[in-house]
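The exercises below invite a careful reader to work through a few places in one structure. Please look at the sequence and the model before turning to each solution.

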Amino acid sequence: MDRFDVIVIGAGHAGCETALASSRMGVKTLLLTINLDHIAYMSCNPAVGGLGKSHLVKEIDALDGEMALNTDATGIQFKVLNTKKGPAVRSTRVQADKMRYALRMKHRLERQENLHIRQAIVEKLLVDSNVIQGVETKWGEKFYGKSVILTTGTFLRGLIHIGLEHFEAGRMGDFPSIGLSNSLKELGFEIGRLKTGTCPRLDGRTIDFSKLEPQYSDIPPKPFSFLTTRIENKLVPCYIVYTNNKTHELIRTGLDRSPLYTGKIKGTGVRYCPSIEDKVVRFKEKERHRIFIEPEGLDTLEYYPNGLATSLPLDIQIQMLRSIKGLEKVEITRPGYGIEYDFVFPTQLYPTLETKLIRNLFLAGQINGTTGYEEAGAQGLMAGINAALRLKEAGAFIIGRDEAYIGVLIDDLVTKGVDEPYRMFTSRAEHRLLLREDNADLRLTEKGYAIGAVSKERYKKVMEKKSKIEEVLSILRSIRLTPSKETNMMLKKFLMEEIKNPVTLEELLKKPEVNMKDLYPMAPALEPVEEEIAYQVELNIKYQGYIDRQKEMVKRILSLENKKIPEDFNYKEVSGLSKEVIEKLTRITPVSLGQASRISGVTPAAVTALLVHFKKKGII
């Protein structure tokens with residue numbers, strides 16, 4: 001009989017972060033996966049990060065997760081997006097070598113202390129008195145664990161569609177998980193059905209790259225992880241092409257054999273990342289759609305045409321591709337396809353990602369209705385940390401919406417639920433100026449260290465960074481320039497306005513046209529300032545007014561977040577609540593008035609009624 005502290009089901013991006021988090025916190029962990037050769041496999045495009053998603057990756061890294069480090073080690077193109085916009089929406093995107101990414105993650109898992117890895121298909125959850133006991137595999141093996149974490153991706157009753165043909169699979173080439181989905185239903189979980197898709201892969205030898213627009217990496221490339229000092233990988237370009245009217249007409253001719261438009265696919269798809277046939281139908285006025293031709297890796301000639309996700313018949317896929325400039329003779333190495341899969345409605349979870357129905361059973365990743373590697377990794381990390389803390393009887397680790405995008409992600413899932421695959425955007429975070437990707441370590445690493453989830457090495461580095469920032473700020477505040485002919489001549493030399501009153505260097509830096517480098521001649525003690533320190537200092541000074549206003553807003557909101565609701569509270573006791581509000585509050589069981597206020601349909605008047613009732617009863 002094999003006994004473990006934590007059992008993790010699935011070794012995708014959620015499962016890897018889960019298993020690493022729990023095992024590095026000192027608990028005996030078992031990772032079970034259907035295929036050991038597909039650990040951390042990139043089922044969709046071989047890239048990490050992007051708008052909103054990079055914030056999650058940086059936060060995973062700040063809490064000692066592996067995704068950013070793995071991306072830095074295997075990245076083949078690095079770009080920072082939105083550089084001309086404000087710092088809150090700047091995002092890193094890295095093209096990874098698909099096979100090297102998976103192999104390095106497998107190597108990392110295999111060498112992690114307290115972590116055991118096995119290949120198996122889990123068919124059943126073992127439960128006694130609504131407490132998880134372990135799992136049973138297809139071959140009759142039983143593994144017992146104090147906690148079980150499901151990170152099953154698209155494998156729960158996965159069904160692949162290519163045209164009108166369909167077959168069961170977790171993804172192309174992997175078995176689906178049928179029994180586990182049935183086991184969840186038998187336990188009483190409310191299950192839904194979602195759909196996602198992927199693009200065909202192309203033979204690079206049949207692409208005419210001379211007709212494509214290259215997109216090169218940033219030089220020097222900026223690392224993803226706060227621990228990576230420099231990138232020395234070989235870098236290669238991506239390419240941009242466009243569909244055209246002929247492409248769109250060919251797609252329309254195949255709609256009568258499209259599983260999306262013939263009703264074969266029942267699951268809800270990703271609104272913000274639609275298939276190419278969906279784009280053509282929904283946006284008839286658009287004459288073209290941009291496609292990124294992305295290399296799958298340095299050791300392969302396969303390319304991924306990002307933006308051409310499709311479940312159209314193979315013959316239409318080929319014709320569609322060959323209508324695009326530069327792809328006139330292209331050959332497909334693997335067809336694009338759509339996949340339907342089961343998920344668990346995430347309002348059945350606590351903010352720790354533990355299920356409300358079964359104690360010590362946690363869910364993370366696409367099983368909770370999300371889409372994307374980054375969203376999965378963030379949930380996996382939090383589930384692993386909370387499962388380990390539960391075993392240590394050390395409380396819970398819940399991050400607020402004002403503290404991290406991870407907090408926004410999980411709060412959205414467990415409070416609002418999903419009716420389509422959830423994808424992270426910067427617009428989802430109401431405090432995004434405080435939650436920049438560049439300050440994730442300053443926001444989270446100390447919190448992670450306090451609960452034993454972050455290494456001493458990382459913690460020490462962040463403390464040194466904070467100290468350096470304070471030191472530079474102190475210098476800027478201490479040096480004061482007084483109006484004089486000499487001072488104004490010096491300012492003019494550096495293309496700055498003359499001053500009429502004494503100013504500190506901190507006040508001078510608030511001016512839009514002044515940057516940190518302009519101040520070095522006036523304060524020799526500043527040089528040399530590391531680039532990331534200078535960036536933090538300059539940004540915090542220039543945006544101080546906005547940052548202070550957001551912090552004040554957070555303080556007001558926290559007054560509701562800190563008012564906790566008893567877990568077994570009967571909402572029928574509160575006068576003034578409608579039946580609809582009572583039903584929603586009872587089903588979702590919010591942990592605080594703050595969470596209750598974000599539930600769809602719970603009005604400000606209802607929150608006030610709760611507040612009055614709790615005060616009257618002495619609950620808060």
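## Exercise 1: the surroundings of Thr370

Thr370 counts as buried, because its relative accessibility is 0%, and the cut-off for that class is under 20%. The model is a predicted one, and this should be kept in mind throughout the exercises.

Task: Where does Thr370 sit in the chain, and which residues are in contact with Thr370 once its neighbours within four places in sequence are left aside?

Solution. Begin with the position: Thr370 belongs to the loop that runs between strand E20 (361-363) and helix H9 (373-391). Next, gather the contacts, which, apart from neighbours within four places in sequence, are Tyr341, Gly365, Glu375, Gln379, Leu409, Leu413 and Tyr422. Then turn to the polar atoms: the side chains of Thr370 and Gln379 are joined by a polar contact of 3.0 Å, while a polar atom of the Thr370 side chain lies 3.2 Å from the backbone oxygen of Gly365.

## Exercise 2: helix H10

Task: How many of the 12 residues of H10 are buried, and what covers the buried residues?

Solution. Start with the length: the 12 residues of helix H10 (residues 405-416) should span 16 Å at 1.5 Å a residue, and the end C-alpha atoms are 16 Å apart, which agrees with that expectation. Now consider burial: 11 of the 12 residues are buried, so H10 is largely enclosed by the rest of the structure. The buried residues include Leu409 and Leu413, both of which also appear among the contacts of Thr370. The cover over the buried residues of H10 includes helix H2 (53-62), H9, helix H18 (579-588) and helix H19 (593-597). Finally, look just past the helix, where Gly417 follows with a positive phi near 75°.

## Exercise 3: a sheet of 3 strands

Task: What is the order of the strands in the open sheet of 3 strands, and which strands stand at its edges?

Solution. The order is E3-E5-E4, and the pairing is antiparallel. Strand E3 (47-49) and strand E4 (75-81) stand at the edges, since each has a single partner strand, so one side of each has no neighbour in the sheet. On average, neighbouring strands of this sheet are turned by 15° against each other, direction ignored. To follow one pairing in detail, note that 3 bridges join E3 to strand E5 (residues 91-96), and that Ala47 stands opposite Gln95 in E5. As a last step, find helix H3 (residues 67-74), which lies across E3, E4 and E5 and runs at about 115° to E4.

Note on methods: Residues numbered from 1 in each chain as written. Predicted model: local features only at pLDDT ≥ 70, side-chain atom pairs only at ≥ 80, totals over all residues. Heavy atoms only, no water. Pairing = 2+ DSSP bridges. Helix = DSSP H or I, 4+ residues; strand = E, 2+ residues; numbered from the N terminus. Axes fitted to C-alpha atoms, helices over the stretch in contact; angles between N-to-C directions. Contact = heavy atoms within 4.5 Å. Buried < 20%, exposed > 50% of the residue type's maximum accessible area, 1.4 Å probe, protein only. Polar contact = N/O pair within 3.5 Å; in protein donor to acceptor, adjacent residues only side chain to side chain. Expected span 1.5 Å × (residues − 1).
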